Structure formats: structure tokens, C-alpha cells
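Subject: Structure handover

Hello,

Here is the structure you will be working with. Please open it next to this email, and then read the notes underneath.

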Amino acid sequence: MARYTVIIVNLSAFLLMSGVGLIVALLPQKIIALSGRVSDVGYLAPAFALTFVAFQIPMGRLSDRFGFKPFLVLGYGLCACTGFLYYFSDQPGFIFLGRMFQGIGEVPVWAVAPALLSVLYPGQKGKVMGAYNAAVHCGLTAGSLAGIWCAKMWHGNEVFLVYALTGCLGGLLIALFVREPSRKRSHALGVTGNAPLFRLVFRPGHLIVLAGILLYGTGYGVFISVIPGFLIHARQFDQTAVCLFFSLFYMAISLAQLITGPFSDQYGRKPAMVTGMALAGTGIVLFSGLSGPWLLGCLTLSALGLGMFCVSALAFLNASVPETLKGTISGLFYFFWGIGYFTGPLILGKMMTEGVWHSGEWHPGFAWLALLFLIEFVVCGLFLKPLMPANASGNVAGL
């Protein structure tokens, strides 16, 4: 049953994220066409972020109480409805409303599904979470590449119907073939299912890891927004080169998580987290002073580091709580990730002066980001206790 479930959950995520990859490039065009103002595009990300961040912890808590499956089905269903809303929208306000619904719908896809898998595979958390996150990023890659072909074949809103279909198929697969796993109520590690959030945040080691997750979200957001802008304006990258950059980024994240997940199960979460932060910081500090293949190589190295930290940190937090708090801790992970993802790029973008964007010069803003990665590397290495072997329930003692 567990093996069957992980295939269905991964396939559903791949389908939905393929749809997301398809619509990402079309949404800005839709907004401009409806409102006539390029500036309105800037509201697309905050509209998504508002609900994505706000609903992480509440939905995690509710999934611990009422089960994972209902919220997964709800998430896919909301995404499907969002696709239809995008398709029929004739006003920009409906697009922004759709982005808010999409933010709610993607909460369980990103956070609740890994919690479900961790209950099914208590001794292989890193492996199953790494495979799941790789499926998500492979879907984004496939959707982005398919979008090039769809743009040549369709010239209307048909892509939004494809996105709605991926949500319907994913939700249907979950509803028909995934069974709710049984969970033991436990007081393991001194944390119960009714533990207040501050006890989770301030547990030994958690603050260090959550700070790293904030930085991981910042790095992810910078890769999606600030770095492409820098490459286009300061390095004169054309559309093909930017597509290559995104492909390398998604592939590096996927590969890192596939490899690091099993590694962290066997050798511990701390080595993977420390190595990931070191690679992320090194790549960021070097890339803006280089060009050509060396520049892309450094960015790929940094992306590998981000992927390594992501899966090992998620497994670390998940192993530190009993089964009745798996949803909550996953929601906490993506709450911090979301804050970093949507605030970090704004701060770094403000630091990038207009002259630097176009001059091609190295900018100290990237050095500051790299410095934060390397500080996290040092703090993790010095103050984070090594993970102890997992017990029978897959939780880790001595955190």
C-alpha cells in the first residue's frame, strides 16, 4: 500500500506542477491584456504569497487533526477551479483572485504531501521527500518546456484549461487511490499533538534550521526573479539562454534532492545541510564576476546546494516531532520558506541600483546573500547537534 501510494502522490504532483509550468509565462500577458498596465504584473506574486504563507500553519494543524487526504484533494480541486477562473476571466481582479486561490491550493501540495509520505516511510524520510520534491521540480521543468510548444500551437487561453485538467486528474488520483495512513498518538521527544507553535519554533536546533529555511526560500526566490533580471540586463542573456538557466536550476534542485535524501537517511541530516549551505554560498559569491559557462556552472553549483539543504532540513524537522505533528511541522517549514521567497528578492532587488543592472558589474548584494549562507553554514556546523539514529517510529532522539 505504501509503495503504491508514493507513486500516486508523486505522479499527481508532477501533473499539477506541469500545469503550473505551462501557465507561469502566460499569466503576465493575460494581466497586461486585461488591464493595459505593465505595472499590474507586479501584483501576481504578492497575491499568491498572501494566501500561500498565511494558510501553511493552519492547514498543517488541521491535517494533523482531520487527516492528510481531505486537504490534498481540496488543494488539487482548488487549483483546478483556479484554471477555469483564469480561462473565463475578463477582468484583472479575477486573475488576482485566482492567484489567491492557487496559493491556498498549493499549500497541501507542497507541505501536506511530504508529511503523509513521512508517516508511510518513517525510516526513509529523506529518500521519499527527496523523490517527491524532485517530481515537483521535474513537473515544473516539463511544463516550462511544453509551454514553448503550446505557444506555437495555441494563441488563446487553452493552456489554462490544461492546467485545470492537471488539477482534476491529480485530485482524482488522490481521491481514488490514496488511503489515509494511521498515526500513533505519541508524547515522543516531549512534544504532543497539541503543542503550541512556539514550542516547535524554539526547540533546540529548530531555530538554526528554520533560519536556514528562510535563507533557502530567499535563495530560491532570487533564482526565480533577481538573477534572471541580472542575466538579461547585465550579461545580455537572450531568451534561449534564460530558458537554459531555468532548466539547469530545476534539474539541479531535482538531482540534489534525489541524491541527498537517501544520503541523509544513512549518514545524518547535518552533513547534508552544512554542505548544502556551503555550496549555495560559494556559487552565489562567484557567479556575478564570471561569464559564459563558468557563470552557469556556479549558479548550478549553488542550486545543487539549495536542493541539498531543502530535503535534509525538511527531513530533520519532520523527524523531530511525533506523527500527530507531521502536518504542522511541514507547514512551519513552508511558512518560513514562503517569507524568505517573497521578501528576500524584494530586499535584494532594492539593493540593485539601476546602473548596476545595465553595466554588467559585480554587485555586493550577491556577496551579502552569500555571506548569510556561509554564516548559516558555520552556525549549523558548530551549534547544531548531530542527528542520532532513528528509532522504530522514524523519529530522532537527541535533538
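Which residues line the largest cavity? They are F223, F245, L248, F249, L296, L299 and T300. Before going further, please note that this is a predicted model.

Enclosed cavities

The structure holds two cavities of 30 Å³ or more. The volume of the largest cavity is about 40 Å³. Two helices, α12 and α14 (292–319), each give at least two residues to the lining of the largest cavity. By residue type, that lining has six nonpolar residues, one polar residue and no charged ones.

The second largest cavity comes to about 30 Å³. Its lining is made of W110, N133, H137, Y216, Q257, C310, Y334 and W337. Here α7 (125–153) and α15 each provide at least two lining residues. Five residues of the lining of the second largest cavity are nonpolar and three are polar, with no charged residue among them.

The second largest pocket

Pockets are a separate item from cavities, and I looked at one of them. The second largest pocket has a volume of about 200 Å³. It is lined by 14 residues, and those closest to its centre are T218, G344, I347, L369 and L372. Which helices supply at least two residues each to the lining of this pocket? They are α10 (206–224), α15 (326–351) and α17 (364–383). The largest share comes from α15, with six residues. The lining of the second largest pocket divides into nine nonpolar and five polar residues, and again no charged ones.

Helix α15 therefore deserves a look in both places when you go through the model: it gives at least two residues to the lining of the second largest cavity, and six to the lining of the second largest pocket.One residue in a loop

The last item is Q236. This residue sits in the loop between α11 (226–234) and α12 (239–267). Is Q236 buried or exposed? Q236 counts as exposed because its relative accessibility is 57%, and the cut-off for exposed is over 50%. The phi of Q236 is near 55°, which is a positive value in a residue other than glycine. Most residues other than glycine have a negative phi.

Regards

Technical notes. Residues are numbered from 1 along each chain as its sequence is written. This is a predicted model: local features need pLDDT of at least 70, side-chain atom pairs count only at pLDDT 80 or more; totals for chains, interfaces and linings use all residues. Side-chain values use heavy atoms; hydrogens and water are left out. Helices (H or I, at least four residues) and strands (E, at least two) are DSSP runs, numbered from the N terminus. Buried means under 20% relative accessible area, exposed over 50%, partly exposed in between (1.4 Å probe, protein chains only). On a 1 Å grid over the protein atoms alone, a cavity is a set of points where a 1.4 Å probe fits but cannot get out, and a pocket is an open set with protein on both sides within 12 Å along at least five of seven lines; lining residues have an atom within 4 Å of a point. Grid points are joined across faces, edges and corners, and a volume is the space filled by probe spheres set on the points. Ala, Val, Leu, Ile, Met, Phe, Trp, Tyr, Cys and Pro count as nonpolar, Asp, Glu, Lys and Arg as charged, and the others, Gly among them, as polar.
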